[in-house]
Amino acid sequence: MRVTRSLAVFAALNGALAVAIGAFAAHGAGPQIKTLLTTGGQYQMVHALLALVCAVWPDRSRFVVVAGWLAATGGLVFCLALSAIALLNLPAMGAVAPIGGVLMIAAWLLLAVAAWRSQTVNA
């Protein structure tokens, strides 16, 4: 199996950060902060996993690799924007969060295109 190593590393680091943010949300944050951090961490974790799936996807098309990078980057941007709102009291970061959301949506759509275009893989 071939792996897109840099994407896999980035995805794994995103996953680790998502766990750290989730742990802080559960154990060290007030109610309003907890909600923002939990939401950001959940989206980041899901998209770190999506990026990892893309890193090991059998079809090595450019669509899959780009989808993985969009997922990982979008999850990170979204999570960091919500974290900045919660922890740094930067409400202006509310304008950045949708950018992460658009990247995450684009990742799923691009992966759907890649799956549609791929040939059947025999395992």
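Biologist: Where does T4 lie relative to α1?

Modeller: T4 lies in the segment before α1, the helix that covers residues 5–28, where a helix is a DSSP run of H or I with at least four residues, a strand is a run of E with at least two, and both are numbered from the N terminus. This is a predicted model, in which local features need pLDDT of at least 70 and side-chain atom pairs count only at pLDDT 80 or more, while totals for chains, interfaces and linings use all residues. Residues are numbered from 1 along each chain as its sequence is written, and side-chain values use heavy atoms, with hydrogens and water left out.

Biologist: What makes T4 count as buried or exposed?

Modeller: Its relative accessibility is 11%, and the class of buried takes residues under 20% relative accessible area, exposed those over 50%, and partly exposed those in between (1.4 Å probe, protein chains only). T4 therefore counts as buried.

Biologist: Why is the pairing of the side chains of T4 and R60 called a polar contact?

Modeller: The two side chains are joined at 2.9 Å, and the term asks for a pair of N or O atoms within 3.5 Å, of which, within protein, one must be able to donate a hydrogen and the other to accept it, residues adjacent in sequence counting only if both atoms are side-chain atoms. T4 is also in contact, meaning heavy atoms within 4.5 Å, with A55, R60 and V65, once its neighbours within four places in sequence are left aside.

Biologist: How many disulfides does the structure hold, and how do you know?

Modeller: The structure holds zero disulfides, the term being kept for a pair of cysteine sulfur atoms within 2.5 Å. The sulfur of C54 has its closest cysteine sulfur in C79, at 19 Å, and this is too far for a bond. Seen from the other side, C79 is in no disulfide, its nearest cysteine sulfur being that of C54, 19 Å away. Both cysteines are nevertheless covered: C54 counts as buried at 2% relative accessibility, and C79 counts as buried at 1%.

Biologist: Which residues does L7 touch, and what is its accessibility class?

Modeller: L7 lies in helix α1, and it counts as buried because its relative accessibility is 0%. Not counting residues up to four places away in sequence, L7 touches A51, C54, A55, V65, G68 and W69.

Biologist: What does N14 contact, and why is it called buried?

Modeller: N14 is another residue of helix α1, and its relative accessibility of 4% makes it buried. Beyond its neighbours within four places in sequence, N14 is in contact with Q44, A48, A72 and L76. L76, for its part, has its place in helix α3 and is in contact, with the same neighbours left aside, with F10, N14, L17 and Q44.

Biologist: How do you know which residues come close to L37?

Modeller: L37 has its place in helix α2, which covers residues 31–56, and it is buried, with a relative accessible area of 2%. Apart from its neighbours within four places in sequence, L37 is in contact with I21, F24, A25, A29, S83, A86 and L87. The C-alpha atoms of L37 and I21 are separated by 6.4 Å although the two are 16 residues apart along the chain. L87, one of the residues contacted, is found in helix α3, residues 62–88, and counts as partly exposed at 46% relative accessibility.

Biologist: What is notable about phi of N89, and where is N89 found?

Modeller: Most residues other than glycine have a negative phi, whereas phi of N89 is near 55 degrees, a positive value in a residue other than glycine. N89 is found in the loop between α3 and α4, the latter covering residues 97–117, and it counts as exposed because its relative accessibility is 62%. N89 and L7 are 82 residues apart in sequence and 31 Å apart in space, C-alpha to C-alpha.

Biologist: How many helices and strands does the chain have, and what share of it is buried?

Modeller: The chain comes to four helices and zero strands, running α-α-α-α from the N terminus on. Of its 123 residues, 35% count as buried, and among contacts between residues at least 6 apart in sequence, 75% join residues at least 24 apart.
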